[in-house]
Amino acid sequence: MPRKPRRKQRPKSWPVTFSPFARALARMASVSKPNRRSKSIESSEKPTRSSTSNGSSKHTLEERPEGSESSDGEFDGVVQADFAFFDPKPNDFHGVKTLLQTYLDVEEWDLSGFADLILEQTTVGTVVKVEDDEDEGVFALATALNLWRYREQRCIMKLKEFLLLKASQEKGVGDQLRLLLGERAHNVGLLVSQRVVNLPPQLLPHLYDSLFNEVSWATEDEPTEDLRNSFQFKHYIILSKIYKHKNAEQQKRKRSDDREEEIVYVKPEDEIFHELSSWSFCFPLRTQQPAPHELKNYRSMGLIMTVEADKIPTFRQQLASLINEGWRQPEGV
């Protein structure tokens, strides 16, 4: 599925989820970046199997410096960013590695080797950049790696060890995970989706559509039977991060109007994956970055989920609905 080279630019500060609380979280998470708000989407194209160019979305964005006036002479203006999808390539190494920096918390592992696996699998996997920018920066990636195919890679062996260690403290989960990482690994995909915090959420349905379409096409188009079979996924394992309330059990007992959210999903799609998952568990992260005031009652947690492949069509529909409904909400709602 060849794609036409495109460019990249700085993503703007868009909310990653749609509740008032999560909107505040998104603004706090991007505090070091220019404060910009999207005004409209001009167009969007989905990549197709026979297309020679990649999907792109044009966004007209309004520059808004913090405060009423900018001390360095910055002025309000309109910036158009054309985000586009690309096949991974070697030049994306540093950008992909940066996005994956805390993928296994503070674990020492072969992160460079993991980035190389993602970049070498060009038929299934997408990176997001901005069209025609010379910088070649990567702002998002999505891929699915067969855990049996790459079982002898050092990075995958360490990743399995990490997952099993975290699952060992969860009753009933460790054995299920061990099966998926071992004898059933032929049909298990590690779904990796990382991005900058303020990537426009309108790109998410297209990003996941691109990924799952490529998985489907690879089962027919790969040159060998072994490769075609390696994309016949029955399960996906997902490793992500959330914010969980420090007093989650107490929150459950409170009246709904006094209750804070038990979980804040940094990525909106994780809430859907979580609801569709066969099983999941959380574990404390060793990297506890300073949290904004809105998260004073929360702590950063790792989240491991398993989602059956036959739930993916439902996921895609629900994600599209979530993004469309969220975008129609007035600002501040």
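Helices (H or I, at least four residues) and strands (E, at least two) are DSSP runs, numbered from the N terminus. With that in hand, here are the close-ups.

This is a predicted model, in which local features need pLDDT of at least 70, side-chain atom pairs count only at pLDDT 80 or more, and totals for chains, interfaces and linings use all residues. Residues are numbered from 1 along each chain as its sequence is written, and side-chain values use heavy atoms, with hydrogens and water left out.

**Figure 1. The whole protein, with 10 helices and 10 strands.** Of the 333 residues in the protein, 51% are buried (buried means under 20% relative accessible area, exposed over 50%, partly exposed in between, with a 1.4 Å probe and protein chains only). Contact means heavy atoms within 4.5 Å. Among the contacts with a separation of 6 or more, 74% join residues 24 or more positions apart.

**Figure 2. Confidence along the chain, with an average pLDDT of 78.** The pLDDT is the predictor's confidence in each residue, from 0 to 100. A score of at least 70 is reached by 69% of the residues. Residues 50-54 have a pLDDT below 50, and this stretch makes 16 contacts in the model beyond near neighbours in sequence. Residues 59-79 also stay under 50, with 49 contacts beyond four places in sequence. Where pLDDT is low, the predicted coordinates should not be read in detail.

**Figure 3. Helix H3 (residues 111-120) crossing helix H4 (residues 154-167).** Two packed helices are described by the angle between their axes and the distance between the axes. Here the axes come within 8 Å and cross at roughly 110°; axes are lines fitted to C-alpha atoms, for helices over the stretch in contact, and angles run from 0 to 180 degrees between N-to-C directions. That makes H3 roughly perpendicular to H4 (angles under 35 degrees count as roughly parallel, over 145 as roughly antiparallel, 65 to 115 as roughly perpendicular and the rest as oblique). H3 passes H4 in a left-handed crossing; a crossing is left-handed if the near helix is turned anticlockwise from the far one by less than a right angle, and right-handed if clockwise. Look for Gly113, Phe114 and Leu117 on H3, which meet Cys155, Ile156 and Leu159 on H4. By class, this contact has 5 nonpolar, 1 polar and no charged residues (Ala, Val, Leu, Ile, Met, Phe, Trp, Tyr, Cys and Pro count as nonpolar, Asp, Glu, Lys and Arg as charged, and the others, Gly among them, as polar).

**Figure 4. H4 again, this time with H5.** The axes of this pair come within 9 Å and cross at roughly 165°. H4 and H5 are therefore roughly antiparallel to each other, and their crossing is right-handed. From H4, the contact uses Lys160, Leu163, Leu164 and Ala167; from H5, Val173, Gly174, Leu177, Arg178 and Leu181. These residues divide into 6 nonpolar, 1 polar and 2 charged.

**Figure 5. Gln176 in helix H5 (residues 173-181).** Gln176 is partly exposed, with a relative accessible area of 38%. From C-alpha to C-alpha, Gln176 and Thr306 are 9.8 Å apart in space, though 130 residues apart in sequence.

**Figure 6. Asp105 and Asp110 in the loop between H2 and H3.** Most residues other than glycine have a negative phi, and most peptide bonds are trans. Asp105 has a positive phi, near 60°, and counts as buried at 6% relative accessibility. Further along the loop, Asp110 touches Arg154 and Cys155, leaving out residues up to four places away in sequence. The C-alpha atoms of Asp110 and Cys155 are 4.9 Å apart, across 45 residues of sequence.

**Figure 7. Val96 and its neighbours in helix H2 (residues 93-99) and beyond.** Val96 counts as buried, at 0% relative accessibility. Not counting residues up to four places away in sequence, Val96 touches Ala115, Ile118, Leu119, Val127, Val138 and Leu141. Ala140 is 44 residues from Val96 in sequence, with 8.1 Å between their C-alpha atoms.

**Figure 8. Leu211 in helix H6 (residues 204-221).** With a relative accessible area of 1%, Leu211 is buried. Apart from neighbours within four places in sequence, Leu211 is in contact with Val124, Ala142, Thr143, Ala144 and Leu191. One of these, Ala142, is 69 residues from Leu211 in sequence and 6.7 Å away, C-alpha to C-alpha.
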